[in-house]
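Reader: Hello! Could you take me on a close look at one part of this protein, the nonpolar patch on its surface, and then show me how it fits with the rest?

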Amino acid sequence: MVTQLAREAGAYVIGTGRTADRQTALDFGAKEFVDLGNDALEDVGKVDLVFDVIGGDIGKRSAGLVRAGGTLVSIVGPVEAMPHEGVAIDFVVESDRDQLIEIVQRVRSGRLRTNIGTVATLQNAVAAFNPAVRHTGKTIIRIRT
């Protein structure tokens, strides 16, 4: 969703991920894609904003991409490496009813698409989140039938 929201705001988006993620990133609005298994992340050059959803080594390397005055936003925990001349933000989601309503309205109207992979019952939640099996898309746990 962050790719779509960034594009809506006028950003030029460069997606990153595994080879299998390329088409999904492009379909959701990325203009370019960096295959983290085959491409050099550092070849991207300097950027205004990095939105880190991976962390670890990729998060640390991403800090070097932030231009002077730019921002590194991490949703995976505290930033481990600070941008040289930029700022870093440890982003924590806080539920906001009005914002959630806006997102739902965007999804229902087709302005925002979701990437839902597995839908499981509460009884099968542990199996659905089994890290030994890689699923495409987000996992949804259905509480009610």
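**A close look at the nonpolar patch**

Author: Happy to! This is a predicted model, and a good starting point is how its contacts are spread: among contacts in the protein with a separation of 6 or more, 19% are accounted for by residues 24 or more positions apart. Of the 145 residues, 24% count as buried. The protein exposes about 10,100 Å², and carbon and sulfur atoms supply 53% of that area.

Now to the patch you asked about. Val2, Phe51, Val53, Ile54, Ile75, Val76, Ile89, Phe91 and Val93 make a nonpolar surface patch of about 750 Å². Let us pick out one of its members, Ile89. Ile89 has its place in strand S5, which covers residues 87-90. Is Ile89 buried or exposed? Neither word fits: Ile89 counts as partly exposed because its relative accessibility is 39%, and that class lies between under 20% for buried and over 50% for exposed.

To place that strand in the whole, the protein has five helices and seven strands. Read along the sequence, they follow the pattern α-β-α-β-β-α-β-β-α-β-α-β. The C-alpha trace spans about 50 × 35 × 30 Å along its principal axes.

Aromatic rings deserve a word too. The count of aromatic pairs comes to one. As for a charge over a ring, Arg113 lies over the face of Phe28, at 4.3 Å from the ring centre.

Methods: Residues are numbered from 1 along each chain as its sequence is written. This is a predicted model: local features need pLDDT of at least 70, side-chain atom pairs count only at pLDDT 80 or more; totals for chains, interfaces and linings use all residues. Side-chain values use heavy atoms; hydrogens and water are left out. Rings of Phe, Tyr and Trp (its six-membered ring) pair if their centres lie within 6.5 Å; planes under 30 degrees apart count as stacked, over 60 as edge-to-face and the rest as tilted. A charge sits over a ring if NZ of Lys or CZ of Arg is within 6 Å of the ring centre and within 35 degrees of the ring normal. Patches are made of residues with over 30% relative accessible area and no salt bridge: like charges are joined within 9 Å, nonpolar side chains (Val, Leu, Ile, Met, Phe, Trp, Tyr) within 5 Å. Accessible areas come from the Shrake-Rupley method with a 1.4 Å probe; for residues, only the protein chains shown count as cover. A salt bridge is a side-chain nitrogen of Lys or Arg within 4 Å of a carboxyl oxygen of Asp or Glu. Helices (H or I, at least four residues) and strands (E, at least two) are DSSP runs, numbered from the N terminus. Buried means under 20% relative accessible area, exposed over 50%, partly exposed in between (1.4 Å probe, protein chains only). Contact means heavy atoms within 4.5 Å.
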